[in-house]
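Here's a quick walk through one model, from a sheet to the empty spaces and on to one arginine. Have the viewer open as you read.

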Amino acid sequence: MHAGVGRPERFDAVPTPIVTTSTYTFADSSELAAHMTGEHADPHREEYGRYGNPTVRALEQRLAALEDPTGKAECAAFGSGMAALTTTLLALLKQGAHVILFRDGYRRTRQFVVKTLAAYGVEHTIVEPGDLAAVEAAIRPETRLVVGESPTNPYLHCTDLAALAALAKARRIKTVVDSTFATPIDLQPLGLGIDLVVHSATKYLAGHHDVLAGAVVGSRALVGLIRDLRGVLGGVLDPHGAFLVARGLKTLAVRVERHDRTAMAVAEMLATHPRVAEVFYPGLVSHPTYAIAQAQMNGFGGVVSFRVKTDPHGQGHDSPLAVTSRVVDGFQLARIAPSLGGVDTLVEQPAIMSYYEMTPEQRAAAGISDDLIRLAVGIEDEADVLADVQRALEAQ
Ligand code: PLP
């Protein structure tokens, strides 16, 4: 609720006011000169909208305080999670550098590393998520970054972040972890030694499926580099968007608690359901990274992925893709949409949503099976969500 919030708020308001201006005036040339030389009495004196905005800065202070209760971290907010991630990687890499990336994770992050950065002469090695022996084996003299997610999208793989940070630090390699699925309520990677935490604030932080935003949190030195590049690349968050994310933060803890509880109930129900082949949720003992999740997280998030049995009656007329689509279409409360982390439950079949452009062989190589469903549990009544899942599974 209050982490990082300055008091008193301007105009004695309760929420942070939205300051809509693209530029800022100076009383005279000497004030301008003081600002430019860093001698101005107010270090947060703004100059131009691409370099800063009071509403955005207030949000950044709150996110920094949430990710790092010791108060040392800084945050830079962006117009989307991808703007945060791409600006971060561009700020820390140069031609000839090498990046280690987890295989499971948001596909646009992978695309940026594998296609865009490669075109600018940055090399990469892809390892299985959390496989620290593979990370170690992939390290070269020019390795600068390890980029991962925990939990990953869509298989919810959790990495032992303290071990990853120790391994990377010993080799002077920086670590970037996308913690969108965890939120600072469930996991605080900086406290485990990770250098930079990235969020798609579009998801849980804002929480209502009504704004795109992103953020990166880490040391003053690293975030300073990223903020400088943001001023060049221009992927800024607008003050209205910042206000919506800041408003979302007020209820983040109660929402995440509810997401986590209902998702756990859904995962447990799916695990015993005769029409379900496999469930992926780090709160279940059956998940391969259950022990890591237990050790480093406070809760396991609102996303549950599962594979349905696509020939439940042994007749096998329809393809696994079609049978799975029927299950997705059987949801009534959950709506079909490609996002997560909001108050409304959303459902998607990755094979025909996020991975639609791939051939079945490419999807198989990426580990995305036709029978996979990703459910992003919202904060509706738990019984309603469970009944919806039950109804959808019976629809096949
Ligand atoms: N990281 C993860 C884990 C995501 O799921 C997403 C979006 O789906 C992103 C990053 C990108 O965020 P945005 O859509 O806000 O650019």
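## Starting at one edge of the sheet

Let's begin with a single bridge: alanine 77 is partnered by alanine 215, which belongs to strand 7. Keep in mind that this is a predicted model. That bridge sits within the pairing of strand 1 and strand 7 (residues 214-218), which is antiparallel and runs over five bridges.

Two helices pack around here. Helix 8 (residues 220-233) packs on the sheet and touches strand 1, strand 5, strand 6 and strand 7. The direction of helix 8 makes about 25 degrees with that of strand 1. Helix 3 (residues 81-92) packs on the sheet as well, with strand 1, strand 4 (143-149), strand 5 (174-178), strand 6 (196-200) and strand 7 in touch with it. For helix 3 the reference is strand 6, and the two directions make about 150 degrees.

## The whole sheet

Zooming out, what order do the seven strands take? It's 1-7-6-5-4-2-3, in an open sheet with mixed pairing. Strand 1 (74-78) and strand 3 (123-127) stand at the edges with a single partner strand each, so each has one side without a neighbour in the sheet. From one strand to the next, the twist averages 20 degrees.

## Strand 6, under cover

Is strand 6 mostly covered or mostly open? Mostly covered: five of its five residues are buried. Leu196, Val198 and Ser200 point one way from the strand, while Val197 and His199 point the other way, and all of them are buried.

Strand 6 also shows both kinds of pairing. With strand 5 the sense is parallel, over three bridges, and valine 176 stands opposite leucine 196 of strand 6. With strand 7 the sense is antiparallel, over five bridges; there, serine 200 has glycine 214 of strand 7 as its bridge partner.

## Empty space inside

Now for the gaps. Rolling a probe the size of a water molecule over the atoms shows where empty space is left. How many cavities of 30 Å³ or more does the structure hold? Two. The largest cavity has about 90 Å³ of space, and its lining includes Leu85, Phe102, Tyr106, Arg110, Glu149 and Asp178. Strand 4 gives the largest share of that lining, three residues. Strand 2 (98-102), helix 4 (107-119) and strand 4 each supply at least two. By class, the lining of the largest cavity splits into five nonpolar, three polar and four charged residues.

The second largest cavity has about 40 Å³ of space. Met1, His2, Ala3, Arg62, Leu66 and Leu249 line this one, which by class gives four nonpolar, one polar and one charged.

## One arginine in helix 14

Last stop: arginine 391, in helix 14 (residues 382-394). Why does arginine 391 count as partly exposed? Because its relative accessibility is 34%, and partly exposed covers what lies between the under 20% of buried and the over 50% of exposed.

Setting aside neighbours within four places in sequence, arginine 391 is in contact with Gly330, Gln332 and Leu333. To link back to the sheet, try glycine 218: arginine 391 and glycine 218 are 173 residues apart in sequence and 44 Å apart in space, C-alpha to C-alpha.

Methods:
Residues are numbered from 1 along each chain as its sequence is written. This is a predicted model: local features need pLDDT of at least 70, side-chain atom pairs count only at pLDDT 80 or more; totals for chains, interfaces and linings use all residues. Side-chain values use heavy atoms; hydrogens and water are left out. Two strands pair if DSSP finds at least two bridges between them. Helices (H or I, at least four residues) and strands (E, at least two) are DSSP runs, numbered from the N terminus. Axes are lines fitted to C-alpha atoms, for helices over the stretch in contact, and angles run from 0 to 180 degrees between N-to-C directions. Contact means heavy atoms within 4.5 Å. On a 1 Å grid over the protein atoms alone, a cavity is a set of points where a 1.4 Å probe fits but cannot get out, and a pocket is an open set with protein on both sides within 12 Å along at least five of seven lines; lining residues have an atom within 4 Å of a point. Grid points are joined across faces, edges and corners, and a volume is the space filled by probe spheres set on the points. Ala, Val, Leu, Ile, Met, Phe, Trp, Tyr, Cys and Pro count as nonpolar, Asp, Glu, Lys and Arg as charged, and the others, Gly among them, as polar. Buried means under 20% relative accessible area, exposed over 50%, partly exposed in between (1.4 Å probe, protein chains only).
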